[in-house]
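Here's a quick walk through one chain, from a few single residues out to the overall shape. Keep the viewer open as you read.

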Amino acid sequence: MSEKETPVPSNFIRKIISEDLRNNKNDGRVHTRFPPEPNGYLHIGHAKSICLNFGLAAEYQGNCNLRFDDTNPEKEDTEYVESIKANVRWLGFDWQENEYFASDYFDKLYQFALDLISQGKAYVDSLSAEDIREYRGTLTSPGKPSPYRDRSVEENLSLFEQMRDGKIEEGSAVLRAKIDMASPNINMRDPVIYRIRKARHHRTADKWCIYPMYDFTHCLSDAIEGITHSVCTLEFEDHRALYDWVIDNLDTPSRPYQYEFARLNLDYTVLSKRKLIELVREGHVNGWDDPRMPTIAGIRRRGFTPASIRDFCNRIGVTKSDTRIDISVLENTLREDLDKRAPRAMAVLKPLKVVIENYPESEDEELDAANHPQNPDMGKRKVPFSRVIYIEQDDFMEDAPKKFFRLSLGREVRLRYAYFITCTEVIKNEQDEVIELRCTYDPATKGGNAPDGRKVKGTIHWVSEAHAVKAEVRLYDRLYTEANPEQGGRDSREVLNPASVEILSGALLEPSLALAKVEDHFQFERLGYFCADSKDWDSDKPVFNRAVTLRDTWGKMNR
RNA sequence: UGGGGUAUAGCCAAGCUGGUUAAGGCACGGGGUUUUGAUCCCCGGAUUCCCAGGUUCGAGUCCUGGUACCCCAGCCA
């Protein structure tokens, strides 16, 4: 993380921490954690949380734990823990030896539950799930106590033990905290803190058949790890009262506090696990790492860099207001990062043949091209030139308006790093489509400058036919046609963008590009930033993904 | 009158205990440089901070009353 990134702006959590430090709370310690559940892949929304938690720890010389919140054996798997670790590492964060699992605390958690029971603050409820829901009341009416609410401590202890020993059927008993069935906060109406799940856990195997619930586990895990600031998203605001209740009613090694911030919403994308799974399962995308997916794996494959994502997370801020970020903010952090780092190269996506009639038939030559126009340290390379080249179809227009600074019949343009050429003839097929151009070149303009001081309006990119490398280039666009795909409760599948990917199998690259390594980034001049695909790249068939286009004021004018 | 939150330019977002001209970024518009219509460099926008009252010499910041939007009734996290 040596690159210069936008300084982290102030936010309310920073302010709280600074205040705590001023009061020497927690002996001046700052300890955060990133607590994913290993039941799915991380996405850009998680990146916000990762950057926040690790960023806070770094700024205040504290630590940030990576803790897997694995209390639901039926949904979790080690496959996810591996991918999560890889993603966090890729983003540039290091949790060092601070890797934990809530499942490592099952014994302690069990003891805490026993303590609560002994204090008369928890009881085993034998109501069915449906009855519990019934008894809980509604948002506007209070709940009523379960008939099992006043079981004796001894009976509860014995029943809980039977739960643990597998003597009670799944679903026929749970452990509940005894708080207040009439609380206006539904989370406080005797929340379930342990349930029976006769399922194999990915780490504890068959040791347990009772598993603690999130609200009981999370706060105690924080306390066990000495977390000082437990940062989570807004939907847990209502749970804070329960978080505090558990901590306050048990003898814990430390006293953590929970703070909530707004989760990320991004234009033209969807970030709920359920929706993401749906996209994959129904085949709207090709897997979790499809470059259109907002998953870390997807945006990585698309060509985003860790620095650009960190920068993005810093720019969007941390608040409690429910907002939606303009996709251009993300795109722009990538452009900024890659503009200074990505080598330039030429590639023609939709080729149009050009024959330079006065260029010798059997000849070719190598021209010098800068790898980065502003940074000579990135060196130069040779680009082969010959009589037959290809240019971009979009760079020719037959009836061109005055403002069209590219090639047209009778007009002269510069071929980047090569020569000025003038179009002399347009060849069409029976469908009246332009299939070839005949041009002449001015040998005196080699390298791209005219000795007579003649100026040319446009510079276009090109590739020599004899030397070109054929490649597949995938152009990606937003996955949805609406900024907020789920607006008004609509099914986001109704607004899927049918043109979210365009595969060009006949793209032509300058030869240097064939030497790219997987995940290498380039700017294809005048087109955008591209990344060598990590999955389908083959030395026989290069595959590039377009991560983001260049800014295009010409394109904008024409829209 | 269930409870918990949020409201500052098109989109984000600073704004400490109330004090001259309401940061910054993205987007947008204009101009300059340029062998990428890219980059880079200038310049531009809120008499106004959800609304209405009030307190005050002075309020985005305090008070009162509204309005809009988000979250909560898993033995998910």
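## Starting from single residues

Set aside the neighbours within four places in sequence, and Asn53 is in contact with Thr32, Arg33, Cys64 and Val231. Asn53 belongs to helix α2, which covers residues 44–59. Its relative accessible area is 0%, so Asn53 is buried. Bear in mind that this is a predicted model, and that the values below are computed from it.

Phe420 has a longer contact list to go through. Phe420 is found in strand β17 (residues 420–428). Leaving out neighbours within four places in sequence, its contacts are Glu412, Val413, Arg414, Thr440, Tyr441, Asp442, Thr445, Gly448, Ala450, Arg454 and Val456. Phe420 is buried, with a relative accessible area of 1%. For a distance to try in the viewer, take Phe420 and Lys455: they are 35 residues apart in sequence, and their C-alpha atoms are 9.7 Å apart in space.

What about Ala205: where is its place? Look in the loop between β6 and β7. Ala205 is partly exposed, at a relative accessible area of 23%. Not counting residues up to four places away in sequence, Ala205 touches Ala199, Arg200 and Tyr211. If you want a long ruler across the model, use Ala205 and Thr445, which are 240 residues apart in sequence and 74 Å apart from C-alpha to C-alpha. Thr445 is also one of the contacts of Phe420.

Here are those three residues side by side.

| Residue | Relative accessible area | Class |
|---|---|---|
| Asn53 | 0% | buried |
| Phe420 | 1% | buried |
| Ala205 | 23% | partly exposed |

## Helix α4 and its aromatic company

Now for helix α4, which runs over residues 106–118. It has 13 residues and reaches 18 Å from its first C-alpha to its last, close to the 18 Å expected at 1.5 Å a residue. Which residues of α4 are buried? They are Phe106, Leu109, Tyr110, Phe112, Ala113, Leu114, Leu116 and Ile117. As background, an α-helix has 3.6 residues a turn, so residues three or four places apart point the same way. Just after α4, Gly120 takes a positive phi of about 75°.

The aromatic side chains are worth a tour of their own. The count comes to 21 aromatic pairs. One of them joins Tyr110 and Trp208; this pair is tilted, with 5.7 Å centre to centre and 50° between the planes. The pair links distant parts of the chain, with Tyr110 in helix α4 and Trp208 in the loop between β6 (192–196) and β7 (210–212), 98 residues apart. Tyr110 and Trp208 are both buried. Contrast the geometry of Trp537 and Phe544: their ring centres are 5.1 Å apart and their planes stand at 90°, so this pair is edge-to-face. Trp537 and Phe544 are buried too.

Tyr110 and Trp208 also show up in one aromatic cluster together with Phe106, Phe160, Tyr194, Tyr211 and Phe216. Of these, Tyr211 is also touched by Ala205.

## Charges over rings, and two positive phi values

Two arginines sit over aromatic faces. Arg203 lies over the face of Phe101, at 3.5 Å from the ring centre. Arg478 lies over the face of Tyr268, at 3.8 Å from the ring centre.

Tyr268 has a backbone quirk as well: it has a positive phi of about 60° although it is not a glycine. Its place is in the loop between β9 (257–261) and α9 (273–281). Gln96 is another non-glycine residue with a positive phi, near 50°. You'll find Gln96 in the loop between α3 (78–90) and β3 (99–101). Is Gln96 buried or exposed? Gln96 is exposed, with a relative accessible area of 51%.

## Zooming out

Chain A has 13 helices and 25 strands. Its radius of gyration is 31 Å, well over the 24 Å that the globule rule gives for 559 residues, so chain A is more spread out than a compact globule. Along the principal axes, its C-alpha atoms fill a box of roughly 100 × 55 × 40 Å.

Buried residues make up 54% of the 559 residues in chain A. Among contacts with a separation of 6 or more, 71% are between residues 24 or more positions apart. The accessible surface of chain A comes to about 25,300 Å², and 46% of that belongs to carbon and sulfur atoms.

Terms used: Residues numbered from 1 in each chain as written. Chains lettered and ligands numbered in written order. Predicted model: local features only at pLDDT ≥ 70, side-chain atom pairs only at ≥ 80, totals over all residues. Heavy atoms only, no water. Helix = DSSP H or I, 4+ residues; strand = E, 2+ residues; numbered from the N terminus. Expected span 1.5 Å × (residues − 1). Buried < 20%, exposed > 50% of the residue type's maximum accessible area, 1.4 Å probe, protein only. Phe/Tyr/Trp six-rings, centres within 6.5 Å; stacked < 30°, edge-to-face > 60°. Lys NZ or Arg CZ within 6 Å of the ring centre and 35° of its normal. Rg over C-alpha atoms; globule rule 2.2 N^0.38 Å. Contact = heavy atoms within 4.5 Å. Areas by Shrake-Rupley, 256 points an atom, 1.4 Å probe, with all protein chains shown as cover.
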